[in-house]
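Load the model and switch to a cartoon view. The stops below go from the sheet outward.

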Amino acid sequence: MSHLSTTQFIPAKIAVLTVSDTRNETTDTSGGYLVDALTKGGHQLVDKKIVIDDLYLIRAVVSQWIADSDIEVILITGGTGFTARDTTPEAVSVLFDKKVEGFGELFRAISYQEIGSSTIQSRALAGFANNTVIFCMPGSTGACKTAWTKIIEEQINSQHKPCNFMPHVGGK
């Protein structure tokens, strides 16, 4: 585990992807929340998209962002459940160079305090690909708030001690 942190805040360059068959820019409260939270946190929004629940469309967008040197963090909301259309984990996990096993575990542990045993229906996951950290979280705005405020916000803050993800992103 890296113990690198800095005394200076370094804004992360972030892309947000909403996976949904029904949301648009007006009704995308989860993606909207993430955009508001990251910009209020001093980070830079590089791109935002909405795609339908289609494994190959999800993978295409994420692959493009992984290759983009202007993107260090990808936040994905939606498609992590168990319906036939929920394919975000299958679309994204094959792109990982390394998995962040603790993200899904910690998300479900925190979420258990909020929604009880229903948290087992979340397949939240995270990983690294080409020096980009990717977080996949459920599509509800509440789940996005939980993931952002309890995990992601600290881990993409270069000042967070004893360690954070920022020394491991960028430099593509």
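Select strand 3 (residues 73–77) and strand 6 (residues 132–137): they pair in the parallel sense over five bridges. Here, strands pair if DSSP finds at least two bridges between them. Helices (H or I, at least four residues) and strands (E, at least two) are DSSP runs, numbered from the N terminus. Pick Ile76; its bridge partner in strand 6 is Cys136.

This is a predicted model: local features need pLDDT of at least 70, side-chain atom pairs count only at pLDDT 80 or more, and totals for chains, interfaces and linings use all residues. Residues are numbered from 1 along each chain as its sequence is written, and side-chain values use heavy atoms, with hydrogens and water left out.

Now show the whole sheet. It is open, with six strands in the order 2-1-3-6-5-4 and mixed pairing. Strand 2 (44–51) and strand 4 (98–99) are the edges; each has a single partner strand, so one side of each lacks a neighbour in the sheet.

Next, Thr18 in strand 1. Buried or exposed? Thr18 is buried, at 3% relative accessible area. Buried means under 20%, exposed over 50%, partly exposed in between (1.4 Å probe, protein chains only). Beyond four places in sequence, its contacts (heavy atoms within 4.5 Å) include Asp28, Gly31, Lys48 and Thr77.

Gly31 leads to helix 1, where Tyr33, Leu34 and Leu38 are also among the buried residues. Strand 1, strand 2, strand 3, strand 6 and helix 5 (141–155) are included in their cover. Finish at Gly42, which follows helix 1 and has a positive phi, near 90°.
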